[in-house]
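Student: Let us go through this structure by question and answer. Please keep the replies short.

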Amino acid sequence: MLWMIDKVASMELWPGPWTMLLLFLLLLLLLVPVLWGYSSSAKYFCKMAFYNGWILFLAVLAIPVCALRGRNVENMKILRLMLLHIKYLYGIRLEVRGAHNFPPSQPYVVVSNHQSSLDLLGMMEVLPGRCVPIAKRELLWAGPAGIACWLAGVIFIDRKRTGDAISVMAEAAQTLLSQNVPIIPIVMSSYQDFYCKKERRFNSGTCQVRVLPPVATEGLTPDNVPDLADRIRHSMLTVFREISTDGRGGGDYLKKSSGAGEAGP
C-alpha cells in the first residue's frame with residue numbers, strides 16, 4: 001500500500017508532456033535574446049526562420065482569398081500586396097530604377113539574376129500586375145506557399161525531367177519569336193553588404209533593382225537565340241558589377257531565371 005502511494009505521488013510530481021513542452025518554450029524564449037545579442041549566427045537563423053515562417057503564414061491567409069477566383073494570374077496581385085511589407089520588417093531598402101522600361105501594353109519576357117530567397121522581395125517590388133512566373137516544381141510541394149503560387153498561375157517545371165522543362169521554355173521561346181515580344185532584363189545588386197548565407201550574416205541594408213531597356217527580338221530566328229542570350233547576360237553582368245558595392249564582380253551571383261508577363265490590368 002505504501003508503494004502505491006509513493007508511485008501516485010511521483011506521478012503527480014513528474015511533469016507531463018505538455019508541461020515539458022511549455023518549459024522548453026519558456027527556456028527558448030529566455031535564450032533567444034541572449035543568443036541574439038552575442039551570436040550573429042543565432043541572429044541569422046532566427047531571421048531566416050521568421051522570414052520563411054512568415055511567408056508560409058501569409059500564404060495561408062492568401063489561399064482562401066485567391067481560391068475565390070480559382071487559378072488565375074490576377075491572384076498574383078494579391079500575393080504581391082501581402083508580401084510588400086516584408087522589406088520593412090528587415091530594414092531592407094529597395095531602390096528601383098528604370099521601371100518606365102516596362103512596355104505599357106504589349107506582352108514581354110522578363111529575365112532576372114538569382115541570388116537567394118530574398119530575390120522575392122525585389123521581384124515583388126517591380127513586377128507589374130499581370131505576370132506569369134516560371135518556377136521549379138519543388139515549390140509546388142512547399143505547403144501553403146506552393147498552393148498560393150499555383151492559384152496565382154505560376155508555371156512549374158521539373159528541372160530533373162528535361163523534357164518538361166524544355167517544352168515549357170520552348171513554348172516561351174516560340175511565343176517570343178513568333179510574336180517578336182521584347183525581353184526585359186532585371187538586375188538586382190549583390191546582397192553581400194547585408195546578407196551572406198556562408199557567413200551567417202543578415203543585417204539591414206540597401207539593394208538596387210535596375211530594370212534595363214527592352215531588348216528587341218524582331219527578325220530573330222531560333223539560330224539567333226544563343227547569341228541573344230549571351231548578349232543579354234553580358235549586359236546584365238555589366239550592370240550587376242556597376243550597381244553592386246561588394247566588389248566581387250558577380251560571376252557566381254548572376255544566374256538566370258525567367259518569367260513571362262503581360263502588362264496592364
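## Core, packing and salt bridges

Tutor: A search of the whole structure finds five salt bridges. Keep in mind that this is a predicted model.

Student: How many helices and strands does the protein chain have?

Tutor: The chain has 265 residues, and 38% of them count as buried. Among contacts between residues at least 6 apart in sequence, 74% join residues at least 24 apart. The secondary structure comes to nine helices and nine strands.

Student: Which helix gives the most to the largest nonpolar core?

Tutor: That core has 45 residues. Those with the most contacts inside it include Tyr 51, Ile 86 and Tyr 195. Nine residues come from the helix that gives the most, H3 (residues 40-67).

Student: How many residues are in the second, separate core?

Tutor: Val 215 and Leu 228 are among its members. Ile 232 and Met 236 are included too. The number of residues in this second core is eleven.

Student: At what angle do H3 and H4 pack?

Tutor: Ile 55, Leu 58, Leu 61, Ala 62, Val 65 and Cys 66 in H3 meet Asn 75, Ile 78, Leu 79, Met 82 and Leu 83 in H4. The crossing is right-handed. The axes of H3 and H4 are 10 Å apart, and the angle is about 145°.

Student: How many residues in the contact of H3 with H4 are nonpolar, polar and charged?

Tutor: Among the H4 residues in this contact are Asn 75 and Ile 78. Asn counts as polar and Ile as nonpolar. The full division is ten nonpolar, one polar and no charged.

Student: Which elements do the buried residues of H7 pack against?

Tutor: H7 covers residues 144-151. Its buried residues are Ala 145, Gly 146, Ala 148, Cys 149 and Leu 151. They pack against H3, helix H4 (75-83) and strand E4 (155-157).

Student: What phi does Gly 153 take?

Tutor: Gly 153 comes just after H7. Its phi is positive, at about 85°.

Student: Is Glu 74 buried or exposed?

Tutor: Glu 74 forms a salt bridge with Lys 77, the closest N and O atoms being 2.9 Å apart. Lys 77 is partly exposed, with a relative accessible area of 35%. The cut-off for buried is under 20%. Glu 74 has a relative accessible area of 18%, so Glu 74 is buried.

Student: Why does Arg 93 count as exposed?

Tutor: Arg 93 forms a salt bridge with Glu 95, with 3.6 Å between the closest N and O atoms. Glu 95 is partly exposed, at a relative accessible area of 22%. Exposed means over 50%. Arg 93 counts as exposed because its relative accessibility is 53%.

Student: Which residue forms a salt bridge with Arg 201?

Tutor: Arg 201 is also one of the residues in contact with Tyr 195, as are Tyr 44 and Met 48. In the salt bridge, the closest N and O atoms are 3.0 Å apart. The partner counts as partly exposed, at 48% relative accessibility. That partner is Glu 199.

Student: What is the phi of Arg 200 near?

Tutor: Arg 200 lies in the loop between strand E6 (195-196) and strand E7 (201-202). At 30% relative accessibility, Arg 200 counts as partly exposed. Most residues other than glycine have a negative phi. Arg 200 has a positive value, near 55°.

Terms used
Residues are numbered from 1 along each chain as its sequence is written. This is a predicted model: local features need pLDDT of at least 70, side-chain atom pairs count only at pLDDT 80 or more; totals for chains, interfaces and linings use all residues. Side-chain values use heavy atoms; hydrogens and water are left out. A nonpolar core is a set of buried Ala, Val, Leu, Ile, Met, Phe, Trp, Tyr and Cys residues joined through side-chain atoms within 4.5 Å. Buried means under 20% relative accessible area, exposed over 50%, partly exposed in between (1.4 Å probe, protein chains only). Helices (H or I, at least four residues) and strands (E, at least two) are DSSP runs, numbered from the N terminus. Contact means heavy atoms within 4.5 Å. A salt bridge is a side-chain nitrogen of Lys or Arg within 4 Å of a carboxyl oxygen of Asp or Glu. Axes are lines fitted to C-alpha atoms, for helices over the stretch in contact, and angles run from 0 to 180 degrees between N-to-C directions. A crossing is left-handed if the near helix is turned anticlockwise from the far one by less than a right angle, and right-handed if clockwise. Lists of a residue's contacts leave out its neighbours within four places in sequence.
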